[in-house]
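This report describes a pair of protein chains, going from their strands and sheets to their salt bridges and then to the contact between the chains. The sequence and the structure come first.

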Amino acid sequence: MKLLIFGATSAIAQSVAKKVAHEGGELFLVGRHQDTLKIIAQDLVVRGAKKVGEIAADLTFREQYSEWVESAAKFMKGIDVVLIAHGVLGDQKQLEQNSDNAFDLINVNFISAALLAEASAHYFEIEKKGTIAVIGSVAGDRGRQSNYYYGAAKGGLEIFLQGLRNRLFPMGIHVLTIKPGFVSTPMTAHLKKNVMFASPDSVANGILKGIAKKRDVVYLPCFWAIIMGIIKSIPESIFKRLKL
Amino acid sequence: MESKHKEPLGQSPISVSPLWDESRQSWGMYPKTTSLVSPLHWRGQEFSESSQDKHPSLSYLPFGRGRSYGDSCLNDKNILLGTEKLNHFIELNNETGMLKVEAGLTLKEVLEEIVPRGWFLPVVPGTQFVTIGGAIANDIHGKNHHVAGTFGCHVKSLELLRSDGTRRVCSQEENTDWLQATIGGLGLTGIILWAEIKLKKIVCPWISRETLRFHNLKKFFEYSEDSDNKFEYTVGWMDCLSQGDDLGRGVFFRGNHLLVKEAAELKVKQERIKTFPFHAPEFLLNRLSMKAFNTLYYHTHPSKKSEIVHYRPFFFPLDGINHWNRLYGKRGFFQYQCVVPYEGSKSPIFDIIETFAKSGLGSFLTVIKTFGNSISPGILSFPKPGVTLTLDVPNEGQKTLRILEILDEKVVKCGGRVYPAKDARMSKESFKHYFPERPAFEKYKDPKFSSSFWRRVT
């Protein structure tokens, strides 16, 4: 597999990359920090990756999106899958008070992810094949007072991907929306762990399966589909009174 | 737009989580502890003053996967530095077999990558779920101790991060004394960030195994002496509840890596990992059930058998059952591992086994092995020449503690020692006798590092 990853230092992305490397795949990593990308690239080489390239950059530099995709395609001589994995959870209370922070959070979680997906689509349209896999969140299924900035960004992203999928389907290009629940990662390090938390490793398995089976939307682990189904079905007149 | 993250992420200070966490326990499930868990994410992270601001009076201890049995991996009411995310390979030299890896990688993850490339870890214990850092900090041993020595014998270098922020690369060439203190140092000399290990060349993942039944302890010693120069791996399982003529009967396993290339094509049977679903109720664990299990285990093994097996069931038979420790119920269990001088039929091991067999306690899994004569590299390494016995004992409170104390007295008397990685109950006095080298270790201990075990025995 020739895999381009945006947000390559994220825990879920690292787990996916390790599995692809183990199978002898080729990878191109884009992330914010040169030093940590280097650590990951070394690791992937030992695990069996045929080739690993990397670019350290701020993922909100949208002028460079198509350049990065082109560099990756040049380095690996093609791209099979683009995985868009970056995201910031943010502190809801602080976001309510500080509009700069709120803007940044939506910019990172929604705008940059959506436009990276679009830039990838432009590349795949010429190739007439490929997969765009994007990490959304169960938080995007319904707005809640505890994290509606993050939820709105991820929910917006999901609607964007629905449209993109609709547009790319006739060309045989696959768009996968990944909706993990709680995952034990640095993003959730401050939360108390319980049985609802999945490991990045099991989420990575679910992502690779979703890619292979050309699924449209996957909840990871799958029990979140049921939980969110229930949460979505609660009438708004009741939901607004709940403390969630 | 300028990046808001000028600091390289990999060098950010280690931060201590504000949550008290009870999810980090040891494999024996005793004692139960609570600690602040601070995960490490990158090997370049700093142990700065800002890391220590919030809790200036608390001590630190690295925590891998909690596969030590007792409290040597615990730091009750203090801070654990989780090494789970230090799980990156750094370099594998396919010519020399030199492997450089971060300390939080488990042996399982390492083996999965190196075995297909014709390499094996120089020493493996009975589970592949321990980390590289844990293997070094406990200077673990395996079924090949008689030829390979301990894990620490194969560590060429490592990097140690101390609470004062300093970093030291320790090897045979530089900081050798620090290397010796850190091997077997129970995580108390600082955080091991990465290590370089010399691997062993293999041809395929298969082991040719021979299984032999021994009807008493003397026969075990005969098999052991006979096998140690012909077989790289030897170990005995023992029925610790049989007495009289049958005292110390058991099953002897010996094996070598298969050297035939064609064997690479043998098919690996699809392993089904089972999970022990809940804590077994305590009434199921009694002398009767243990006696039945031990007798059955002995008799279901043929008196002699040769076969070819995959390395996983050969080295890690219990890894096939997740959470097998739940068999012992909520109260947990003790593992007792001692080494005593090897003096053939006069070995003090006879007395120890007999005392245990008559004590009324039982053990599902009793393992016996002769150690080789190699000198362990660590100041506080456990293995030394002699014979080592491991008992799994359900925690039945005072009664269990009293009998293990009696065993301690015997081990002290013959100049043996008990393995800290397995221990949750040895006394200060016993520890002093087992490890007279401790004063020499003190100088290397990080002043801000401690463990539940260390506070108990010092």
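Ala133(A) has Leu176(A) as its bridge partner in strand E6 of chain A. This pair belongs to the pairing of strand E5 (residues 131–135) of chain A with E6(A), which runs in the parallel sense over 5 bridges; two strands are taken to pair if DSSP finds at least two bridges between them. Helices (H or I, at least four residues) and strands (E, at least two) are DSSP runs, numbered from the N terminus. E6(A), residues 174–180, is mostly covered, with 7 of its 7 residues buried, where buried means under 20% relative accessible area, exposed over 50%, and partly exposed in between (1.4 Å probe, protein chains only). In a regular strand the side chains alternate between the two faces of the sheet. Both faces of E6(A) are covered, since His174(A), Leu176(A), Ile178(A) and Pro180(A) on one side and Val175(A), Thr177(A) and Lys179(A) on the other are all buried.

The model is predicted, so that local features need pLDDT of at least 70 and side-chain atom pairs count only at pLDDT 80 or more, whereas totals for chains, interfaces and linings use all residues. Residues are numbered from 1 along each chain as its sequence is written, chains are lettered from A and ligands numbered from 1 in the order in which they are written, and side-chain values use heavy atoms, with hydrogens and water left out.

In chain B, 8 strands form an open sheet with antiparallel pairing, in the order E16-E12-E14-E13-E19-E20-E18-E21. Strand E16 (304–310) and strand E21 (417–418) of chain B stand at the edges with a single partner strand each, so one side of each is left without a neighbour in the sheet. At the E21(B) edge, 2 bridges join that strand to the antiparallel E18(B), residues 333–340, and Cys338(B) stands opposite Val418(B) there. Helix H6 (residues 217–227) of chain B packs on the sheet, touching strands E12, E13, E14, E19 and E20 of chain B, and its direction makes about 10° with that of E14(B); contact means heavy atoms within 4.5 Å, and the axes are lines fitted to C-alpha atoms, for helices over the stretch in contact, with angles running from 0 to 180 degrees between N-to-C directions.

Within this sheet E19(B) is mostly covered, as 5 of its 6 residues are buried. E19(B) is joined to E13(B) by 3 bridges in the antiparallel sense, and to E20(B) by 6 bridges, also antiparallel. Val367(B) in E19(B) is the bridge partner of Trp237(B), and Val367(B) also stands opposite Thr390(B) in E20(B).

A salt bridge is a side-chain nitrogen of Lys or Arg within 4 Å of a carboxyl oxygen of Asp or Glu, and by this rule the count comes to 37 over all chains. Three that lie within a chain are listed here.

| Salt bridge | Closest N and O atoms |
|---|---|
| Glu118(A) and Arg167(A) | 2.6 Å |
| Asp71(B) and Arg456(B) | 2.8 Å |
| Asp446(B) and Arg162(B) | 3.9 Å |

In the last of these pairs, Asp446(B) is buried, with a relative accessible area of 0%, and Arg162(B) is buried as well, at 7%. Salt bridges that share partners join Asp71(B), Glu405(B), Asp408(B), Asp423(B), Arg425(B) and Arg456(B) into one network. Of these residues, Asp71(B) is buried, with a relative accessible area of 3%, while Arg456(B) is partly exposed, at 21%.

Between the chains, 26 residues of chain A are in contact with 27 residues of chain B. Together they bury about 2200 Å², 56% of it on carbon and sulfur atoms, the buried area being the accessible area (1.4 Å probe) that two parts lose on being put together, summed over both. Ile39(A), Val46(A) and Arg47(A) supply 26% of the area that chain A buries against chain B, more than any other three residues. The count between the two chains is 1 salt bridge, in which the side chains of Arg47(A) and Glu113(B) meet at 3.9 Å, N to O. The elements that give two or more residues to the side of chain A that touches chain B are helices H1 (11–22), H2 (34–46) and H5 of chain A, and the largest share, 7 residues, comes from H2(A).
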